[in-house]
Amino acid sequence: MLRAMNRRPLVWFAASWVGGSAAAAGLGLRGAMLAGGAAALLAVAASAGRLATGRLAALCLLAFCLAAGQRLWADERNATSLTPLLAAAEAAEPGAAFVAAASGTIVSAVEVDGDRAMFRMKADAVHAGGIAQPVGAGELLQVQLRLVAQPEQEIAAAWQRGDRIDVAGELTRPAEATNSGGFDYRRYLSSQRIHWLLRSKGAASVTVVPEATWNAAALLGRIDAARAGLGARLAELYPAHQSGYMQGLILGLREGLDPDTFNEFAKLGLTHILAISGLHVAVFMVMLGGLLKLLRISRERSQLSLMAAIPFYVLLTGASPSVLRAGIMAILGLIAARLGKLKDGMHLLAAAAVAILAYDPYFLDSVSFQLSFAVTFGLICGVPPLRRLLPRIRGFGWLCDLVAVTVAAQLVSFPLTIYYFNQFHLLSLAANLVLVPFISFVVMPIGTAALLLSPLWFWGAKKLADLSAIGNDWTFRLVEKLATAGSLRLIWETPPLWWVAAYLSVLFLLFRQLYARIPADFQEAITERTPQDDDPTAPLTTPHTRPMGQEDNYGHGARLGKSRRFFYSAALLVVLIAYAYYPDPFDRAATVSFLDVGQGDSALIRTPTGRHILVDGGGTITYRKPGEEWKERSDPFEVGKKVVVPLLMKRGVKQIDALVITHLDSDHIRGLAAVVEAIPVRAVWWNGTMKESEDAESLMSLLIEADIPLYALQAGDAAEIDVSAKVSVFWPPRSGQAGVPIIDEQNESSLVFTLDLYDRRFLFTGDIGTRTEEAILTAIEEKTNLKTVDVMKVAHHGSRYSTGEPWLHVWKPTAAVISVGQYNTYGHPHPDVLRRTSGSGAAVWRTDLTGEAAFRITPRGLSYWMK
């Protein structure tokens, strides 16, 4: 062990650096100090126990402390300079905006999508809140410009990084997560050192002057322009449905990629092929190296040329963490090879990690950084033992290598995949095994060659592109076919971080045990070797086998001990995977979560036995006039796809046992299409009507095509979900009318029902008004034993003409939840409703102010709960 640790001091130094940075990021100052104390004790113990030399132990402790200090120092400095404005924003209501004007420099590429242009600027002057704000060394702002006319798209697209800019608009703080586990935009931008959004409308509010002097931003702006020009050339070479894919594959451009295609790749775990990484850098080096060899350039000059070309390629493809890692490793590898010091990739990986985190510790928060380094480390550790398991078959060694690489990458990336994306497709391994080499070594080189040839000989380049386009069509068809196998796509609740660490620790222990357990000559023992392998002219004989009874160098007892340890480790890994898939099999608590979906309704219910009910799915309502098609964005915000589905998956909702549609208005159903497409639905309960609208017709068609049973509920119906969960329906009234009636005004036909969980009752009211409330009360007035409710969902988002005093008097809610959008233009919730509800003694939760309202129900009672 001592020799193993001392043989890789840089690896242990890097591991300590990453550990220190992670401790400071996740635990803060006090936690980092405690972790530092623990690290010091470990260093002393390692030195005393001869696991490492004293010098190495001290070096690792120094790395831990330096990295932790650097991250804490970066966090302390990561604050806005606009302190007077920040104080005003914290005193105001969420979403408060301040009229502002800012001057500075564009420091990112300008993204134009439909009626929106986005970029980042470093402001050296900000006037807001009626005063000139202090900006210190410069304040980074995220600019969101709403374009008002189609010609403004070309105007905004001409702006470049490095240009001087003046913007007039409104400054506001980025939104925080309003649902438990939801996307926290403020935290994300803070990791980019951005603390304010500057929203503006119309290109007239922006003045841009190209920078006359050269600086780093201006240089990057020229690279952005070159990248955009290459992307435009790919658009000329490939069909419209493939150009965005090829731009992402070769240049790392995601803007033109079809969202549906990306989602299909994501389901199969193939999106890494669209992120520029080590594979792309390797292909680039092979192609450039081959060209230099054809030109008879010496090896030494070729290495220097590659070292000079790699940084340009990294910048040209976007300089994401994965390509930065690959580029640094490639340059260090070339330097080491030139000096005759190249040993293995582990030292290169360690050096790249330390270099990137020393430059910016916030790279550690990047999913791309984590996946890139984890998978690369896993390949270095996992491929050799896995390769030993496979036989050496003459002519098919490349296939065994491919299998080992793919399996190792899948095993290592699995915990991060389910932690961040909450899904894993059982066909992912097969898809990666077939498509990654085909795309990497066939499609991408041909596409790159076509791109480079196009300025010289466009006709020839187009023929090359047409050849790879055939491969793209084949790829798309195969991906679509595999992705539609929904039963093989597993949904995983977000596991705790300790689970991720435990899984990776056990996996790498397995790799180590597997390597030690299989002797170097194991492949020969399982490979059918004959004398012909060494002498093709020898006579045919049977495969060589070891004489029975002959002992190898590994004693029986040692092999048995290793086998047991390997079995225990493998069993532990299986247990960890089973726990991740079923994390709460014995949890008998029920939960009701009223999700924040803006101006709409959506509630997720978990019964005591783990069944799931979803009541409505919210919906983003957009208004487009004829001639405004240009405003449509490539991937517009849709609350079902962007909010509801990710939340359900993060909470491990593997299927929806009952999807309740209270009525067919768009703010309740538009988000459900994404839900039905992403998560299996066993049954649909709805109000038994139809509405002549595009949203209602498309949703009902989708449900019918998916062969999901639909049940029309009416007053008096009841359903027992499980022994401790019961639904009772109070509205709509029973009707003897045959068929499905068409009702365009759906509010007063909403499903109204109670849900009993243990001895607690929830009332769901849809969008009914006081007239329907009175009708329901009249219908149930003879029920003298009517039970009051613990939690009421206030009808119609708190509309003035709902939730009347008689309604509140009968139900006597202890708590009331109002699902309403923060920026709605309807005046919801109305002050009269707030007065009536509060006057009834109910505690009021509003999703526009406090976000998601969640309740936990057990036999002991009900509590307000945040997961």
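This section describes an open sheet and the nonpolar cores of the structure, which is a predicted model.

The sheet comprises 8 strands in the order 16-15-14-13-12-11-24-25, and its pairing is mixed. Strand 16 (710-712) and strand 25 (861-864) occupy the edges; each has a single partner strand, so one side of each lacks a neighbour in the sheet. On average, neighbouring strands of this sheet are turned by 15° against each other, direction ignored.

Both senses of pairing can be followed in individual strand pairs. Strands of a sheet pair through backbone hydrogen bonds, in either a parallel or an antiparallel arrangement. The parallel sense is represented by strand 14 (residues 658-661) and strand 15 (residues 684-686), which are paired over 3 bridges. Within this pair, V660 lies opposite W685 of strand 15. The antiparallel sense is found between strand 11 (residues 590-594) and strand 24, where the pairing extends over 5 bridges. Here V592 is placed opposite F855 of strand 24.

Strand 24 also pairs with strand 25, to which it is joined by 4 bridges in an antiparallel arrangement. The connection between strand 24 and strand 25 is a hairpin of 2 residues, and T858 stands opposite G861 in strand 25. Of the 6 residues of strand 24 (residues 853-858), 5 are buried, and the strand is therefore largely enclosed by the rest of the structure. Strand 25, by contrast in its position within the strand order, is an edge strand with a single partner.

Attention now turns to the nonpolar cores. In soluble globular proteins, nonpolar side chains tend to be buried together. The largest nonpolar core of the model contains 34 residues, and the residues with the most contacts inside it are L614, L648, I656, L659, I661, L664 and L703. Two or more residues are contributed to this core by each of helix 22 (639-650), strand 14, helix 24 (672-678), strand 15 and helix 25 (694-705). The greatest contribution comes from helix 22, which supplies 7 residues. Strand 14 and strand 15 thus appear both among the contributors to this core and as a parallel pair in the sheet.

The surroundings of I656 illustrate the packing at one of the residues with the most contacts inside the core. When neighbours within four places in sequence are left aside, I656 is in contact with H612, L614, L648, V675, I679, P680, V681, R682 and A683. Of these partners, L614 and L648 are themselves listed with I656 among the residues with the most contacts inside the core. A second core, separate from this one, has 31 residues, including L249, I250, I273 and A465.

Notes. Residues are numbered from 1 along each chain as its sequence is written. This is a predicted model: local features need pLDDT of at least 70, side-chain atom pairs count only at pLDDT 80 or more; totals for chains, interfaces and linings use all residues. Side-chain values use heavy atoms; hydrogens and water are left out. Two strands pair if DSSP finds at least two bridges between them. Axes are lines fitted to C-alpha atoms, for helices over the stretch in contact, and angles run from 0 to 180 degrees between N-to-C directions. Buried means under 20% relative accessible area, exposed over 50%, partly exposed in between (1.4 Å probe, protein chains only). A nonpolar core is a set of buried Ala, Val, Leu, Ile, Met, Phe, Trp, Tyr and Cys residues joined through side-chain atoms within 4.5 Å. Contact means heavy atoms within 4.5 Å.
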